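Me: I have a structure here and want to know what its labels rest on. Take me through them.

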Amino acid sequence: MKLLTANFLACAVKGCKASASSYPLHFKDAELELQELDYQPVFLQNIMPRIDWEGLRMIANELGFPRLPDTKPEGDTLNDETTLRDLHRLLLETHVVEGKLCCGNCGHEYMIKEGIANFLLPSHLV
Amino acid sequence: MLPTPCTAHVSFDTIYEPAEDSYLFLDTLSSASESAWLTQHFASGPSPTILEVGSGSGVVLAFVVANSPTILGRADVLSLSTDLNRAACLATRETVVRAIAQQQEQQQQQQQADPESQPNPHTSSSAQNTTSIKSQHLSSLQTNLATPLRPGSIDLLLFNPPYVPTDTLPRAPAPEDFPEPSSTESRSAQFERASYLLSLTYAGGKDGMEITEHLLADLPRVLSARGVAYVLLCAQNRPREVVERIRGWGTGTGTGERWCAEIAGFSGKQAGWEKLVIVRVWRE
């Protein structure tokens, strides 16, 4: 799963839906893989408006990536090649192949195996 | 005609094999009228996210993503899929990634053969951008419907549900239903497990609508403001009643949201009734 996926996921437990800390889910014991892609600046510029920057910063920080800027690159900063290349690598080329996604609210851990995250819940949590 | 994605790598022991309903999806979304509607709908704004719920082999998602320049008028799409069956998640990921790669290859060959050609005349101003963009599959998630997806995160949702009316619904799957491939499972246990997983692909409970109702109820949450869903229904699901019901969503709640539903495609007209229909759902 590409790292960018985390921007679209929250805890699947019903009781967590209303809790702000059920997003972002936090990676644990994550094994990362870099799958290189041709550099596509226009694609990235089109993705940026829909990125939740706070959530991305938190995840990138937890995974030990170099610190992302405090505010989301917009306008002219989105034409800066170094910034774009870093984000391209982080969002589109970085995959999580093994590990867990953990909810900050209920603590539930979702296993990731071969890049497939398992969100099936035991019956008492559905 | 746009190419059908290859699913030769998929084992159909526990995964739904592409059939009439899957192909109706491909035909409907690539029809001139539907592609024109989608292209106009997604003409501006950030890169669209596409989610197929219960993706099975992934043939529908792969078709839309790989052919997104023609169907959506843009290649900068991000795809996601969900399925209860882990094998289906692995299959979908491969089907989508392969279809994108194949589409890119063909495009490059065409460009080499005819460097003057514009791959999509409708988007001539951005054609160069479109051709240099490779659509991206974000992730295949093992889950029920769209459960872990954040509110407002999906722009295009596709659902070919288990729509066959059945007396009861199969139980929800548990981790034990997906043992390690190395486990020493007896042949009869394997067969039983495979039959159970296949039942999840078609059994729809009362009126064949029990699963679809859950997904429909989640649409206002998971779809973005510009979000569009395509949901397949069979005649026993009473599609016309479903369409009318969706059109009534939001009325009287004071939210000012107007929900729209239209039949976008159908197949097998019998005695004036369509056997299968695909309904487009969106808000205005």
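Me: What stands opposite Ala117(A) in S3(B)?

Reply: Leu141(B) stands opposite Ala117(A). This is a predicted model, where local features need pLDDT of at least 70, side-chain atom pairs count only at pLDDT 80 or more, and totals for chains, interfaces and linings use all residues. Residues are numbered from 1 along each chain as its sequence is written, and chains are lettered from A and ligands numbered from 1 in the order in which they are written.

Me: What makes S4(A) and S3(B) a pair?

Reply: Pairing takes at least two bridges found by DSSP between two strands. Two bridges join S4(A) to S3(B), so they pair. They run parallel. Strands are DSSP runs of E, at least two residues, and helices are runs of H or I, at least four, numbered from the N terminus.

Me: Why are the buried residues of H3(A) said to line one face?

Reply: They are Leu84(A), Leu87(A), His88(A), Leu91(A) and Leu92(A). Seen down the helix axis, they fall within an arc of 110°, so they line one face. The arc is that of the directions from the axis to the C-beta atoms. Buried means 20 or more other C-beta atoms within 10 Å of the residue's own, placed from the backbone; exposed means 12 or fewer, and partly exposed is in between.

Me: What covers them?

Reply: The cover includes helix H1 of chain A and strand S3 of chain B.

Me: Where does pLDDT stay under 50 in chain B?

Reply: Over residues 121-129. pLDDT is the predictor's confidence in each residue, from 0 to 100. Where it is low, the predicted coordinates should not be read in detail.

Terms used
Contact = placed C-beta atoms within 7 Å.
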